[in-house]
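Please examine the sequence and the structure shown below. The paragraphs that follow consider the ligand and its surroundings, and then a small part of the fold.

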Amino acid sequence: MHDFVYRDKNLYCEQVRVEDLARHFKTPFYIYSSKTIIEHYLKLKAAFREIKPLICFSVKANSNLAILKLLVDKGAGLDIVSGGELYRALKAGCPSKKIVYASVGKREDEIRAAIEKEILFFNIESHSELETINRIAKDLKKRVSVALRVNPDIETKTHRYIRTARAEDKFGVDFDSAEEILLKQDAFSNLRIKGLHIHLGSQITTGAPFVRAISKVLNFIQYMAGAGITLQHLDIGGGLGIVYDKETPQTAEEFARRVMPFLKRTKLKIILEPGRFIVGNAGILVTKIIYIKHTPYKNFIIVDAGMNDLIRPALYGAYHKILPLSKSKGQPSKISRPEAGKNQKYDVVGPVCESCDFFAKNRRLPELKEGDYLAIMGAGAYGFSMASNYNSRPRAAEVIVVKNKIHLIRKRETYQDLIRNEIIPKL
Ligand code: LLP
């Protein structure tokens, strides 16, 4: 579900014709639909209304302040993984008691800042981290709430780079270690272990792995209750899949129907950490065709966005739909250059000097010509947030549409931005 639709052969974001934005802002740029973002958040909230979870949007999926603020204003909390994300969360006005902080490698300065801001809790990923947080908490004379991230050893059908809950993955602690920690928690004088956390991975399209993991965790919680240990929170992470191509992911309602019966039986306060589900299909990357090149082996459409703007195809072989901003044909190109034939197969590639700099391989596309604009769909999550300056390419602008209004929410970087922190030493 999203608000990018064709009207009169032109792609619109809500009430705005995307091609008008492309001419105004130049390409490449990201454009988000505020309506889609809010609707996705509200869908999840409604699906789980019976248990009123705290929905903490996963900042890493899209960390633009304007988007964080949009969600925070609707009551969302935020799931963070670094000092930088803490900084953003607070700048976006998120109440600190709605911030949860995961990461296998939290640094001391990051921990200190989060303790000082009194976030809701840390999701702890190792015994050493517990010791470190306890030591810093003592130093700051604070009592700190934490949840233990357990690794439920669950297989998920997703790309191997984004699954996180098998025994061999680096995340969380196994159940035996969790038991040991919970039984010895008095050793951590300044910590309160208040709950458990799981996160199975990302782009998971079915409910079964969640059900398996949640059952395992709830059995463990019951077992620990037998030993006199009671917990108050269960953070079930993020990971809900979306449609990029032909996936048929569970809806928020279906997901809730699968997992709520288990969650309702407990008195635990439930936390969700969705990222992709909320923003994935709420954003597109707009790019312009620079050249069309035919070789004896392939046809290439070379666009002005690159893997530095959207790395998902290069990194995970991820599929993103590619649509023309305008379906109208027949306007002759000003410069006489080769045009793409009808429904030929193309590799859509960027200008970066790497063969993995592609957005599509052997993709059948409609008739296109140099200068045409394309939309790379489903780019709202892990798009801009994973962008880089590779090949000294300034990062793209970001724009949000609110009904018929357009707001620039991140200026395109300049060449000065590229070298801002560089120093040539006097030798
Ligand atoms: N909670 C934790 C602890 C996480 O590590 C993540 C994502 C989330 C929540 C949100 O997951 P989501 O609902 O968005 O699936 N760059 C990859 C995805 C990496 C996900 C990392 N962790 C991609 O482009 O597919």
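Which residue has a backbone N or O atom that lies 2.8 Å from an oxygen atom of the ligand? In this predicted model, that residue is Gly239, whose contact comes from the backbone. Side chains also take part in such contacts. In Lys60, an N or O atom of the side chain is 3.5 Å from an oxygen atom of the ligand. Asp79, by comparison, places a polar side-chain atom 3.3 Å from a nitrogen atom of the ligand. Of the 590 Å² of accessible area that the ligand has on its own, the protein covers 91%.

The view may now be widened to the surroundings of the ligand. In total, 18 residues surround it, and the closest are Ser202, Glu273, Arg312, Tyr316 and Tyr382. By character, this shell consists of 7 polar, 6 charged and 5 nonpolar residues. Two domains contribute to the shell: at least three of its residues come from domain 1 (4-31 + 280-419), and at least three from domain 2 (95-274).

A sheet may be considered next. Strands of a sheet pair through backbone hydrogen bonds, and the pairing is either parallel or antiparallel. Here, 3 strands in the order E1-E2-E3 form an open sheet with antiparallel pairing. Strand E1 (4-7) and strand E3 (16-17) are the edge strands, since each of them pairs on one side only. Strand E2, which spans residues 10-13, is joined to E3 over 2 bridges in the antiparallel sense. At the level of single residues, Cys13 has Val16 of E3 as its bridge partner.

Technical notes. Residues are numbered from 1 along each chain as its sequence is written. This is a predicted model: local features need pLDDT of at least 70, side-chain atom pairs count only at pLDDT 80 or more; totals for chains, interfaces and linings use all residues. Side-chain values use heavy atoms; hydrogens and water are left out. A residue is near a molecule or strand if one of its heavy atoms lies within 4 Å of it. A polar contact is a pair of N or O atoms within 3.5 Å; within protein, one must be able to donate a hydrogen and the other to accept it, and residues adjacent in sequence count only if both atoms are side-chain atoms. Accessible areas come from the Shrake-Rupley method with a 1.4 Å probe; for residues, only the protein chains shown count as cover. Ala, Val, Leu, Ile, Met, Phe, Trp, Tyr, Cys and Pro count as nonpolar, Asp, Glu, Lys and Arg as charged, and the others, Gly among them, as polar. Domain bounds come from an automatic or database domain assignment. Two strands pair if DSSP finds at least two bridges between them. Helices (H or I, at least four residues) and strands (E, at least two) are DSSP runs, numbered from the N terminus.
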